[in-house]
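Hello,

Here is the structure I promised to pass on. Have a look at it first, and then read my notes below.

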Amino acid sequence: MKQTTYNRHHRARQIARFLALLMAVIMVLGSFALLLTGCGSADSGKAAGSVDLAALKDELLADISFESEMTPLDDALFDRYYSFDPSLAVEKYVVVSNGWTVEEIALFQAADETAAKTIEAAMQERVENQKKAFEDYVPAELTKLQSPVIVRSGVYVGMCISGDDSKAQEIMDQYLK
Amino acid sequence: MKCDINVDNPTNPTPVSEKNSRRARVRKRQFVFLLLAIILAAAAAVALLLSPGLPQVPAEPQQAYYPPEALLDASHTAADQSGQTGADGAVVTLNTTEGDSTAEGDGTAGQTETTASVLTPAGGATATPSPPPAVITQAAVPAEVAVAASTEVDDSYFASTAFIGDSRTVGLMISGRLSQATFLASVGMNVSKFFTETIDLGSGTESTIADALKAQPYDKIYLAFGMNEYDWPDKSEFIREYLRIVEYLQGMQPDAVIYIQSILPVTYAYEQEHSGANQTLADLNALLMQLCQNTGTYYLDVARSLSDEYGRLPAEASSDGVHLTSAYLEKWTAYLKTHTVP
C-alpha cells in the first residue's frame, strides 16, 4: 500500500516534468516561428524572395508628404504614362498626382529580369518626359526630378518621385534591396 | 489526524488517511488537466501564427490619398490666408486691391477691395472676427447659351466625346470618372499651344491637339482653358485664340456639340498670393459667354456650381488652391452629367 502510493506520486511528478519540458519546447519553437515569419519586424513586406508591393506602396504614401492628392492610375491611362507593354508586368501599382506636380509612385513586378530592365528604362523615359512637361509649367517641380528614386532588384522595379528622396530611398531599400 | 505525504522518502512514509489520499489524487488530476489546457492553448496559438492562410483584413477599396497638407488647407483661418501674423497684440490688416481688367467686351470688369483684419492680442485675448471676403462679381449667363439642368446621363454618353484643356482637365482624366471619353489635355496647355505643342496621346503617339482631332469625329467636345492665361496682360489675346480654336473645331468637327466650360475659380488663400485672380477669372468668364453667343456654342457654368457663397473655390476643394481634390472632381463630373443638351 505504501509502495503503491509512492509509485503514484512518483509517476505524477514524472508526468508533470515531462509536460513542463514539452511546453518549454513548444514555446521555444513558437519563438523561432515568430522570428522566421518576421512578425512585427521592419522587413514585413519581404519574405522568402517575394516583395509585398501593395505594402510598399502604402508605406510610401503614409510616410512621405506628397503635395498633391495621390490617385491610383486607371489602367486605361497606363500607356500615357509608360511606354512599355503592360503585359511585361505581372503586378503593378501606379499612383499619380492630380496633374499639377510630378509626384508619382510606380511599382512593378516584372515577368522576368529582362522585362524588369525594360521597365526601368521606361521609368527613366517617364522622368525625362516629365522634365519637358514641367520646365515651362512649374519649373520648381524639376527639383523633384533631379534624382528620382528608382530601384531595380531582380524582377522588381520601383520608382518614387517626391520631395523627400532620402525617405523614399530608405523605404524602397527596405523592401527591394 | 492530519499529515503530509512524504513522497521523497518512501522508506519513512507518514501515515495517510484514506480521505486525504483521495484529496491528493484529485489535486494531482486537476494539476495535470490545467497543464494540458495550457499546452493546448499554446499549441493552438503557435499553429495560428504559423498557418499560411491567416485571415486577412480585407483591403480597403482603392481611393485617393489625401496628404495631411490637404486636410490642413481646409482649416485655413483668415490669419493663415493673409500670410501675416500679428505679434505683441498688433492688428494685422490685409488690403487687396484688384487692378482694372483690360478685357474687351461688355465691360463687366470690376474693381474689388478685400479687407481682412486680424487682431491677435498678447495673452490670447479675444480676436476681432475678420469681415467676410468681398463677393466676386459674376455675370449672368445669357439664356441662349446656358445649359439647363437635365436628366443625369451615364458614362456611355461620353463615349464619343473629347475633353480638351489644361492640367485641371488632366485632373479630371486621372480621376477616372469619365473613362469612356477621350482626353486631349496636358499640363501647361493654353489656347496658344493648341495648334503648336505636342502632347502624349499614349502608345508612343505624340501630336498637337489640333492634329489629334483629325483622327476621328466626335459627337461632343468640351473645352476648358483659362487658368494658364488669366494673367496674360492682354485679355483680348486669350479670347482671340479661343475663338480660333472654336472656329477650327466647327470646321473640323461640324457635327459636334461644342461646350465651353467656365474657368473654375481659385481658393481665397491662392487669391491672397495672386491678387485679384478670382475677379479676373470671373471677368474672363463673362467674355467666354459672349464668345459662345457669337459662335453658337454652349456655355457650361461649372465654376458657379463649385464656388462658395463668395464666388471662390472653397479651401477644401484644392490642396494648392487651383487643382481640384477628388471630391470636387466628383462634383465637376456630376455637373457634366446633369447638364447636357439633347
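In chain A, strand E4 (residues 89-97) and strand E5 (residues 104-110) run antiparallel and are joined by seven bridges. Helices and strands here are DSSP runs (H or I of at least four residues for helices, E of at least two for strands), numbered from the N terminus, and two strands pair if DSSP finds at least two bridges between them. Within this pair, A:Val96 stands opposite A:Glu104 in E5(A).

A word on what you are looking at: this is a predicted model, in which local features need pLDDT of at least 70 and side-chain atom pairs count only at pLDDT 80 or more, while totals for chains, interfaces and linings use all residues. Residues are numbered from 1 along each chain as its sequence is written, and chains are lettered from A and ligands numbered from 1 in the order in which they are written.

Back to chain A. E4 and E5 belong to an open sheet of five strands with antiparallel pairing, in the order E3-E4-E5-E7-E6. Its edge strands are E3 (70-72) and E6 (149-153), each of which pairs on one side only. From one strand to the next, the twist averages 10°; angles run from 0 to 180 degrees between N-to-C directions, with axes fitted as lines to C-alpha atoms, for helices over the stretch in contact. E6(A) is joined by five bridges to strand E7 (residues 156-161), again running antiparallel, and A:Ile150 stands opposite A:Met159 in E7(A). These two strands form a hairpin with two residues between them, and A:Gly154 in the turn has a positive phi of about 65°.

Chain A as a whole has six helices and seven strands, following the pattern α-β-β-α-β-α-β-β-α-α-β-β-α along the sequence. Of its 177 residues, 32% are buried (buried means that 20 or more other C-beta atoms lie within 10 Å of the residue's own, exposed means 12 or fewer, and partly exposed is in between; C-beta atoms are placed from the backbone).

Chain B has a sheet too. Five strands form this open sheet in the order E4-E3-E7-E8-E9, and the pairing is parallel. Strands E4 (182-185) and E9 (298-300) of chain B stand at the edges with a single partner strand each, so one side of each has no neighbour in the sheet. The twist here averages 20° from one strand to the next. Strand E8 (residues 257-261) of chain B pairs with E9(B) in the parallel sense over three bridges, and B:Gln261 stands opposite B:Leu300 in E9(B). Helix H8(B) lies across E8 and E9 of chain B, at about 155° to E9(B).

The helix I would look at next is H4 of chain B. It lies across strand E3 (161-165), E4 and strand E7 (220-224) of chain B, running at about 150° to E4(B). Nine of the nine residues of H4(B) are buried, so this helix is largely enclosed by the rest of the structure. The cover over its buried residues includes E3 and E4 of chain A, together with E3, E4, E7 and H10 of chain B. One residue of H4(B) is B:Met173, which counts as buried because it has 26 C-beta neighbours inside 10 Å. Leaving aside neighbours within four places in sequence, B:Met173 is in contact (C-beta atoms, placed from the backbone, within 7 Å) with A:Leu77, B:Phe183 and B:Ala185.

H4(B) (residues 167-175) also packs against helix H10 (residues 326-337) of chain B, at an angle of about 95° and with the axes 10 Å apart. That makes the two helices roughly perpendicular (65 to 115 degrees; under 35 counts as roughly parallel, over 145 as roughly antiparallel and the rest as oblique). Here B:Gly171, B:Leu172 and B:Ser175 in H4(B) meet B:Ser326, B:Leu329 and B:Trp332 in H10(B).

Finally, the core. The largest nonpolar core (buried Ala, Val, Leu, Ile, Met, Phe, Trp, Tyr and Cys residues joined through C-beta atoms within 7 Å) has 100 residues, and A:Ile119, B:Ile164, B:Leu223 and B:Ile260 have the most contacts inside it. Its largest share, nine residues, comes from helix H8 (residues 277-295) of chain B.

Best wishes

Definitions and conventions:
Contact = placed C-beta atoms within 7 Å.
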